[in-house]
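This text walks through one protein chain, beginning at a single residue and widening to the whole. Please keep the structure in view while reading.

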Amino acid sequence: MKDLISVNQINRQIFEDIFHFFKEYKNRYKNGETKISDLRGYSVLLPFFEESTRTRTSFELAGKIMGADTINISGSSSSIKKGETLYDTIKTLEAMQSDFIVIRHSMAGAAHIVAKEVKSHVINAGDGAHEHPSQALLDAFTILEHKGKIEGLKIAIIGDILHSRVARSDMKLLKMLGAEITVCGPQTMLPRHMEVFDVDYVTTNIDDALKDKDVAIFLRIQLERQKKVFFSTLNEYSIKYGLNQKRIDLLKEDAVIMHPGPVNRGVEMQSELVYGERSLILEQVENGLFTRMAIYRFLIEQ
Ligand code: CP
């Protein structure tokens, strides 16, 4: 396994191996070991052709903590703007002896295409509406830390499923790990062929989706990917699909609430719930750092 492109590559053993590194790094870092030299001498290039705060920063910081040289390349300031192709851009980065290329791109399949062309380890940091494997791993690790297991948990994934790479990666990974998955959103935001995802329940009724769940994962409305109208107004979406206190009460008493971020406050959830007592949103962000350290380590040990 040279690259991490899709959660389809992750079986239970690989999941356990990456989780082992995650726990090791989190433990060491929390005990004050903020410089770990496992990537000393490695270079990490981060071409991000779409906006990012959490993913780019945590992959960069993870590389720096581990002693790598990290270089950011943004779409708006690279020669892509002058018309250079993705292929030529990536061959150029490889020629600079990159050990890792962590790429985010608006095109589904971009990371896969790049991985076939280069010797560097390629990590998919999000490709269009296709996949976001490191997000799925950090979500699974966060759930495991809180619930002690994933097998048998009842998990609802709610929102703009159609445009969400997080939904696609979360559904597949959490299902592979034995969770019961309910997917919920407006009919217009559910993929036409939901059966390919092998989830347990699909509903357009959020109250049914939340009832007695252990975990509720809310997804951002991806306005930038919506080429037509999928709902009448944000206010209507919020009324029909937004999280409020009444809906929290439908969940199990010890249920947790997650969101990959960034949150559209007042749309996917009421503003005061974003960092409320059930919310794991900031823990997801923190765990993103240790997850990305674990992914680097796993890939260099292959
Ligand atoms: N969750 C996530 O991918 O966030 P960013 O777009 O900020 O990286």
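L177, apart from its neighbours within four places in sequence, is in contact with R12, F15, A140, I150 and E151. The model in which these contacts appear is predicted. L177 lies in the loop that runs from α6 (165-176) to β6 (180-184). Is L177 buried or exposed? Its relative accessibility is 6%, so L177 counts as buried; the limit for that class is under 20% relative accessible area. Measuring from C-alpha to C-alpha, L177 and Y201 are 17 Å apart in space, with their positions 24 residues apart in sequence.

Two of the residues that touch L177 are I150 and E151. Another loop to look at is the one between α5 (133-147) and β5 (154-158), where K149 has its place. K149 has a relative accessible area of 43% and is therefore partly exposed. Beyond its neighbours within four places in sequence, K149 is in contact with I143 and L144. K149 and K213 are 64 residues apart along the chain, and their C-alpha atoms are separated by 14 Å.

The next stop is L219, in the loop between β8 (215-218) and α8 (234-241). With a relative accessible area of 1%, L219 is buried. Which residues does L219 contact, leaving aside its neighbours within four places in sequence? The list consists of I157, I158, D160, I161, S164, V166, A167, H259, P260 and E268. For one of these partners, E268, a distance can be given: L219 and E268 are 49 residues apart in sequence, and their C-alpha atoms are 7.1 Å apart in space.

H259 also belongs to the contacts of L219, and H259 can be followed in turn. H259 is in the loop between β9 (256-258) and α10 (281-300). Its relative accessibility is 1%, so H259 counts as buried. Setting aside neighbours within four places in sequence, the contacts of H259 are F218, L219, R220, E268, M269, I281 and Q284. What does the side chain of H259 reach at 2.8 Å? It reaches the backbone nitrogen of G261. The side chains of H259 and E268 are joined by a polar contact of 2.9 Å. E268 is thus a partner of H259 and a contact of L219.

G261 leads on to a feature of the backbone. The peptide bond from G261 to P262 is cis, and its omega is near -10°. P262, like H259, is placed in the loop between β9 and α10.

Two other backbone features concern the phi angle. D198 is not a glycine, yet its phi is positive, about 60°. D198 sits in the loop between β6 and β7 (201-203). Its relative accessible area is 52%, so D198 is exposed; the class begins at over 50%. D212 is likewise not a glycine and has a positive phi of about 60°. The loop that holds D212 lies between α7 (206-210) and β8 (215-218). With a relative accessible area of 40%, D212 is partly exposed.

One more loop residue is S78, found between β2 (69-74) and α3 (86-95). S78 counts as buried because its relative accessibility is 12%. When neighbours within four places in sequence are left aside, S78 is in contact with F49 and I73.

The view can now widen to the chain. How many helices and strands does the chain have? There are ten helices and nine strands. The chain has 302 residues, for which a compact globule would have a radius of gyration near 19 Å; the chain has 19 Å, so the value agrees. Along the principal axes, the C-alpha atoms fill a box of roughly 55 × 45 × 35 Å.

Buried residues make up 56% of the 302 residues. Among contacts with a separation of 6 or more, 73% are between residues 24 or more positions apart. The contact between L219 and E268, at 49 residues apart in sequence, is one such pair. The accessible surface of the chain comes to about 13,400 Å², and carbon and sulfur atoms account for 49% of it. The chain carries 39 positive and 41 negative charges, and the mean positions of the two sets are 3 Å apart.

Terms used:
Residues numbered from 1 in each chain as written. Predicted model: local features only at pLDDT ≥ 70, side-chain atom pairs only at ≥ 80, totals over all residues. Heavy atoms only, no water. Helix = DSSP H or I, 4+ residues; strand = E, 2+ residues; numbered from the N terminus. Rg over C-alpha atoms; globule rule 2.2 N^0.38 Å. Buried < 20%, exposed > 50% of the residue type's maximum accessible area, 1.4 Å probe, protein only. Contact = heavy atoms within 4.5 Å. Areas by Shrake-Rupley, 256 points an atom, 1.4 Å probe, with all protein chains shown as cover. Lys, Arg positive; Asp, Glu negative; His and termini not counted. Charge placed at Lys NZ, Arg CZ, Asp CG, Glu CD. Polar contact = N/O pair within 3.5 Å; in protein donor to acceptor, adjacent residues only side chain to side chain.
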